[in-house]
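Open the model in the viewer and keep the sequence panel visible. The stops below go from one strand pair to the wider sheet, and then to confidence.

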Amino acid sequence: MAMVPSIFGNSRSSIFDPFDVSDPFKGFPFPSSSSLISSENSAFVNARVDWKETPEAHVFKAELPGLKKEEVKVEVEDDRVLQISGERSVEKEDKNDKWHRVERSSGKFMRRFRLPENAKMDQIKASMENGILTVSVPKEEVKKPEVKSIEISG
């Protein structure tokens, strides 16, 4: 759960989340670093990702409607950074087509998250179903401290 609630109304996110290594100024009412990316990359740059922690794992769910698993990459860098990226191709246009509205985005996207120390980096699994990418990062077991009873004399 986020330590600092977002000032934009989403109680599940944080504007200062130390684990999210994407654009820290996303959502502010001024141009951010993502707006400086070329239009080829910016159309789909903010893929929506939920991150929850269960007792067993960190689970990431990304909304990627219309993409096939072959169009998505899940990578982990040496410094414990999970990267989800991909590209939605532009639909081929026919010169006889007359477009009335274009709302679906195309282009590249990338999201990066710094994984906590308790992540089992060698056991990460990913699956994709109905446009939802699920990445599961198992956690190291937390060893409970041994409690030793001491007899009270007297």
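Select Asp 50 and look across to S2: the bridge partner there is Lys 61. This is a predicted model.

Next, extend the selection to the two strands. S1 covers residues 49–53 and S2 covers residues 57–63. The two run antiparallel, with five bridges joining them. Follow the chain out of S1, and a hairpin of three residues leads into S2.

Now show the whole sheet. Four strands make up an open sheet, and reading across, the order is S1-S2-S7-S6 with antiparallel pairing. At the edges are S1 and S6 (125–129), each of which pairs on one side only. From one strand to the next, the twist averages 15 degrees.

Move to the S6 edge. Five bridges link S6 to S7, and these strands too are antiparallel. To find one such contact point, pick Met 128; its bridge partner in S7 is Leu 133.

Finally, colour by pLDDT. The average for the protein is 78, and 70% of the residues score at least 70. Which element has the highest confidence, and which the lowest? Strand S7 (residues 132–138) is highest, at a mean of 97, while helix H1 (residues 39–42) is lowest, at 40.

Two stretches deserve a separate selection. Over residues 1–11 pLDDT stays under 50, and the model has 15 contacts beyond four places in sequence for them. Residues 32–44 also stay under 50, with 22 contacts beyond four places in sequence. Where pLDDT is low, predicted coordinates should not be read in detail.

How values were computed. Residues are numbered from 1 along each chain as its sequence is written. This is a predicted model: local features need pLDDT of at least 70, side-chain atom pairs count only at pLDDT 80 or more; totals for chains, interfaces and linings use all residues. Side-chain values use heavy atoms; hydrogens and water are left out. Two strands pair if DSSP finds at least two bridges between them. pLDDT is the predictor's confidence in each residue, from 0 to 100. Contact means heavy atoms within 4.5 Å. Axes are lines fitted to C-alpha atoms, for helices over the stretch in contact, and angles run from 0 to 180 degrees between N-to-C directions.
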